[in-house]
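This report describes a protein chain through its helices, strands and core. The sequence and the model come next.

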Amino acid sequence: MYRLPLLRSTSVARPASVLTHLSPVVLRRTLHFQPNSNNTSPQPQPPAGNRYVSSLSDMAPVQDPPQPSFKESAYLNRMNMLELLRFTLVSFMSSYPLLVRLSVKLLPYTPLFIVRNIIGPIYTGGETPKEVLKTIKVLQNRGFANVMLNYAAENAETNTKKKSIRSRIANNSVVQITIQSIEEVFLKVAPHTAQDGTVTTGLHAAGACALKPTGLTDDAAMVLRRFNEPEGVDPELDRARAEYLGACRAICDYVAENGKGKVIVVFDAEKYDLQQGVYASQQQMMKEYNVDGKVIVGGTIQMYLKDSLKTLYELIADARKQNYKICLKLVRGAYMKSEPDRGVIHDTKADTDKSFNEGVGVCIEDAEDVVSKLIVATHNWRSMELTNEMLQRRADKAHLEDADGRVVFAQLMGLCEDYGEALAKENRVVLKYVPWGPARETREYLIRRLEENAGSLETTGPRAFYESLAELRRRILRF
Ligand SMILES: Cc1cc2nc3c(=O)[nH]c(=O)nc-3n(C[C@H](O)[C@H](O)[C@H](O)COP(=O)(O)OP(=O)(O)OC[C@H]3O[C@@H](n4cnc5c(N)ncnc54)[C@H](O)[C@@H]3O)c2cc1C
């Protein structure tokens, strides 16, 4: 009977942490790829020789591991009283669905100084590249290797409600600001060093410049919706599509010429009706730029979609055939509440979990020849633990230590800070997804995040609030 070797039973000495308790019962329940009986769409076929799927089929159940906790990280401990009060208040407002709905209603009317001074420091990197650099230094001190940086004003989609934001940034286009941020942030981030000159972050990895596709040009949403329509039928579409691809190439060209391996460009994923266009355009960029051993650009796959594994397998097959490298961020997906066609998303959370973990496994174990960079973007501790375990198993078995950061973890700033620190202590490369930009624009980002992340409250919500409350009580009673 095959049993996944646990970190705690391996011969390699590693720091003990909450992440070392892998549970095969969780793996078997959530990972083994099985067709969903309620799923009417054709089931994706794993590529030939899928070792990952078959290796998980015969595992014995053991107890669920304990969930990591803020208590075990120094995150809350290090905060001064003001920071702790701020964190407790903000985590309270995002702890239960009713409070989230209230926060979403109140945020548009919240004075900017509150956004800037109370909410902003928890969830965003600052308003200028200089402030972002300071934030990165703080994150590096805590063990994070680098950041995924997102200019928050990009989130202004071209609809009437948000038009005002787009026109405000029109003269200073998103492409220009993105390039400026690469130049003034990523090219200046140095590996973190301690007093004695040793590198303390250890795993300094390339940062990632996260791009929201709908923010790139005025007509991006229309282009993405119709991206796969043939050329030469609608001149307006041809013009807008060329403009969109031009914006993508301008950023990729800049990184290819000046990036020095310090940054990659990663396209975020959007709502389903835009996503086929996003998939096609991000694939086109990978084909153009990830050649000759270089990895300049990557994309995102939303694993909550029923067709996500099919998308992944097709991408892997195409990269093998056409000889380019893949860089991928895997996420579960943020638009469950707002998706008009719920049918495209897995029927249950368990199915989404299976799909996500399966995608990670395939990228790590079955497609290492083409997947040159994998960003495991999640706040789900089971998925983090599984990935960590897989990397450890490879290191033990084949000495494939992931020292070059082929597989990195990423979490949104302000969420699951304790898990991120625990992973970094395991010598894993962990990036923080850091939005930045003027407070007015980051407020829009915060509203969107609150709306989108309602689906992940189970992981991120009350836990942070109760633990910060306990820390507050502990400090007050001690005085
Ligand atoms: C660094 C980073 C970058 C991200 N970038 C993007 C992006 O580009 N595009 C994007 O769409 N999202 C993005 N997200 C958000 C992500 O898609 C998830 O919404 C969020 O991370 C919560 O999922 P989770 O993996 O953390 O785990 P969990 O909290 O365990 O899972 C919650 C998620 O599970 C899914 N789910 C919940 N209930 C059900 C159900 N009943 N049936 C089926 N599925 C269900 C939903 O996707 C929900 O968001 C990003 C997240 C991170 C950390």
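Helix 16 (residues 417-425) is mostly covered, with eight of its nine residues buried. A residue counts as buried if 20 or more other C-beta atoms lie within 10 Å of its own, as exposed if 12 or fewer do, and as partly exposed in between, with C-beta atoms placed from the backbone. Helices (H or I, at least four residues) and strands (E, at least two) are DSSP runs, numbered from the N terminus. The buried residues of helix 16 are Glu-417, Asp-418, Tyr-419, Gly-420, Glu-421, Ala-422, Leu-423 and Ala-424. After helix 16 comes Asn-427, which has a positive phi near 65°.

The model is predicted: local features need pLDDT of at least 70 and side-chain atom pairs count only at pLDDT 80 or more, while totals for chains, interfaces and linings use all residues. Residues are numbered from 1 along each chain as its sequence is written.

**The chain and its barrel**

The protein chain has 18 helices and eight strands. Of its 479 residues, 47% are buried. The eight strands close into a barrel in the order 1-2-3-4-5-6-7-8, with parallel pairing. From one strand to the next the twist averages 30°. Axes here are lines fitted to C-alpha atoms, for helices over the stretch in contact, and angles run from 0 to 180 degrees between N-to-C directions. Two strands pair if DSSP finds at least two bridges between them.

Strand 1 (residues 146-151) pairs with strand 8 (residues 430-436) in the parallel sense over six bridges. Strand 1 also runs parallel to strand 2, joined to it by two bridges. Some bridge partners of strand 1 are listed below.

| Residue in strand 1 | Partner | Strand of partner |
|---|---|---|
| Asn-146 | Leu-431 | strand 8 |
| Met-148 | Ala-208 | strand 2 |
| Leu-149 | Val-434 | strand 8 |

Six of the six residues of strand 1 are buried. In a regular strand the side chains alternate between the two faces of the sheet. In strand 1, Asn-146, Met-148 and Asn-150 point one way, and Val-147, Leu-149 and Tyr-151 point the other way.

**The nonpolar core**

A nonpolar core is a set of buried Ala, Val, Leu, Ile, Met, Phe, Trp, Tyr and Cys residues joined through C-beta atoms within 7 Å. The largest one holds 106 residues, of which Met-148, Cys-209, Ile-264, Val-265, Val-266 and Leu-431 touch the most other members. Helix 12 (residues 272-289) gives this core its largest share, seven residues. The core lies between domain 1 (44-52 + 125-436) and domain 2 (71-122 + 459-479), because both give residues to it. The domain bounds come from an automatic or database domain assignment.

Leaving aside residues up to four places away in sequence, Leu-431 touches Phe-144, Ala-145, Asn-146, Val-147, Met-148, Ala-208, Val-408 and Ala-410. Residues are in contact if their C-beta atoms, placed from the backbone, lie within 7 Å.

**Helix 11**

Helix 11 (residues 235-258) lies across strand 2 (207-211), strand 3 (263-267) and strand 4 (297-302), and runs at about 160° to strand 3. Its buried residues include Arg-241, Tyr-244, Ala-247, Cys-248, Ile-251, Cys-252 and Val-255. Among the elements that cover the buried residues of helix 11 are helix 9 (174-186), helix 10 (220-225) and helix 12. Just after helix 11, Lys-260 has a positive phi of about 50°.

How values were computed:
Two residues are in contact if their C-beta atoms, placed from the backbone, lie within 7 Å.
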